[in-house]
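Take a look at the model below. Find the ligand first, then follow the chain around it.

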Amino acid sequence: MKKKKIVLSGMRPTDKLHIGHWVGALSNWVSLQNEYSCFFMVADWHALMSEYKDSSRIGKFAFDNVCDWLVYGVDPQKSIIFVQSDVNQHLELFLTLSLITPLGWLFRCPTFKEQMKQLKDKEINTYAFLGYPVLQASDILLYRANYVPVGQDQLPHLELCREIVRRFHTLYKNGVFVEPQPLLTSTSRLLGLDGRKMSKSYDNFISLDEEDRTLERKVLSMFTDPQRQKKADPGHPQNCNVYTYYSVFQPQMKDEVEDWCRNAKRGCVECKKILAGILREFIAPKREKKRGFLKKKDYIYDILREGKAKAEKVASETLQEAKRTMKLL
Ligand code: TRP
């Protein structure tokens, strides 16, 4: 049997997960599990690089996020699920790669420049934050990942990782690391209830464990086609966020919903009520399952302990090889 290619991805546990994370990342992780040997990592050190003041939140959300991964279909029988800070090798390779990463590469990184502009209040002008992509490179290289599923915004980090690999190989020896390829997550991005990017800070999100009551209220607050003022006005589904939600969560209803809208057969409120029901059916069983997990915390901790052991085994081999190559004692 051909050996499966390796995938590694991570999420920063800075908050609870919402349906935008499901559409943009998690659903993709779930389907990759059959074809690849997958490592899914809670990037808690990365989260702390911007949220170090409120460090207790990170541990809390790490646990909560892992519960969501599991109830939404990340399978510990198929994939290795672990916490970055549980596997010390990440920090050791981080320093090793820091030795050879020129400061210019980091200062020039577009995500760094962007974040410094945007997150002024977070005080991320720290030594560690500048090294964010170097730690990310360690995450990827320790497992010799062939593919890294990421969004468009992470491409500069992947490129930097590849440059670090080439520099290591030129300086010491070829073939120690694998140059990873990005696996771009499909373009469908789910916008928030108000049509902006879905985000906790805009309060326009639906969580992956949203309660039925708040779910209906949130869906009813969604913006629809602004040109359709009255029920009798024909609408434009392509300009309607509600229609996009249908195409993601109930694609087989697309034509029907388009007909309701274009031919003014059903009003927006009714259309949203039906959508709320669809989302409720999607979310409620997972929410209840998660409730069970939260009562049996040990089940989650066992999975993470096992993930740590498996990840550590691979990571320590790669790190040893890197150190041997550098002829450390
Ligand atoms: N930087 C990534 C993000 O913000 C999270 C992350 C950390 C990651 N380490 C990783 C993603 C390794 C892929 C591979 O989304």
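This report starts at the ligand and then moves out to the strands, some loops and one helix.

## The ligand and its shell

This is a predicted model. Start with the ligand. The protein places 14 residues around it. The closest are Arg12, Tyr132, Gln136, Asp139 and Gln154. By class, the shell holds seven nonpolar residues, five polar ones and two charged ones.

Which elements supply the shell? Strand S1 (6-11), helix H8 (132-142) and strand S4 (147-150) each give at least two residues. H8 has the largest share, with four residues.

## Polar atoms at the ligand

Three side chains place a polar atom by a nitrogen atom of the ligand. For Tyr132, the distance is 2.6 Å. For Asp139, the distance is 2.7 Å. For Gln154, the distance is 2.9 Å. How much of the ligand does the protein bury? Taken alone, the ligand exposes 360 Å², and the protein buries 88% of that.

## Strand S1 and its partner

S1 supplies residues to the ligand shell. S1 also pairs with strand S2 (residues 37-42). The two strands run in the parallel sense, and six bridges link them. Two residue pairs show where to look. Ser9 has Phe40 as its bridge partner in S2. Val7 stands opposite Cys38, also in S2.

Is S1 buried or exposed? Five of its six residues are buried, so S1 is largely enclosed by the rest of the structure. The chain leaves S1, passes through helix H1 (residues 19-32) and arrives at S2. This β-α-β crossover is right-handed.

## Strand S2 and the next strand

S2 is mostly covered as well: five of its six residues are buried. S2 is also joined to strand S3 (residues 80-83). Four bridges connect S2 and S3, and these strands run parallel. One of the links pairs Met41 with Phe82 in S3. S2 therefore pairs with S1 and with S3, and these pairings rest on bridges because two strands pair if there are at least two bridges between them.

When you trace such strands, keep one general point in mind. In a regular strand, side chains alternate between the two faces of the sheet.

## The loop before S2

Go back a step along the chain. Tyr36 sits in the loop between H1 and S2. Is Tyr36 buried or exposed? Its relative accessibility is 13%, so Tyr36 counts as buried. The cut-off for buried is under 20%.

Now compare sequence with space. Tyr36 and Leu8 are 28 residues apart in sequence. Their C-alpha atoms are 9.6 Å apart in space.

## Neighbours in a loop

The next stop is the loop between strand S5 (181-184) and helix H10 (212-220), where Asn204 is found. Asp203 lies in the loop between S5 and H10 too. How do these two residues fare for cover? Asn204 has a relative accessible area of 1%, so it is buried. Asp203 has a relative accessibility of 58% and counts as exposed.

Asn204 also has a polar neighbour. A polar atom of the Asn204 side chain lies 2.9 Å from the backbone nitrogen of Ser199.

## Positive phi

Most residues other than glycine have a negative phi. Which residues here go the other way? Asp203 has a positive phi of about 50 degrees, although it is not a glycine. Ala264 also has a positive phi, near 50 degrees, and it too is a residue other than glycine. Ala264 lies in the loop between helix H12 (254-262) and helix H13 (268-295).

## A residue in H13

Finish in helix H13, where Glu288 lies. Glu288 has a relative accessibility of 37%, so it counts as partly exposed. What does its side chain contact? A polar contact of 3.1 Å joins the side chains of Glu288 and Arg287.

Glu288 gives another comparison of sequence and space. Glu288 and Glu211 are 77 residues apart in sequence. From C-alpha to C-alpha, they are 9.9 Å apart in space.

Key
Residues are numbered from 1 along each chain as its sequence is written. This is a predicted model: local features need pLDDT of at least 70, side-chain atom pairs count only at pLDDT 80 or more; totals for chains, interfaces and linings use all residues. Side-chain values use heavy atoms; hydrogens and water are left out. A residue is near a molecule or strand if one of its heavy atoms lies within 4 Å of it. A polar contact is a pair of N or O atoms within 3.5 Å; within protein, one must be able to donate a hydrogen and the other to accept it, and residues adjacent in sequence count only if both atoms are side-chain atoms. Accessible areas come from the Shrake-Rupley method with a 1.4 Å probe; for residues, only the protein chains shown count as cover. Ala, Val, Leu, Ile, Met, Phe, Trp, Tyr, Cys and Pro count as nonpolar, Asp, Glu, Lys and Arg as charged, and the others, Gly among them, as polar. Buried means under 20% relative accessible area, exposed over 50%, partly exposed in between (1.4 Å probe, protein chains only). A crossover is right-handed if, with the strands pointing away from the viewer, the path from the first strand over the helix to the second runs clockwise.
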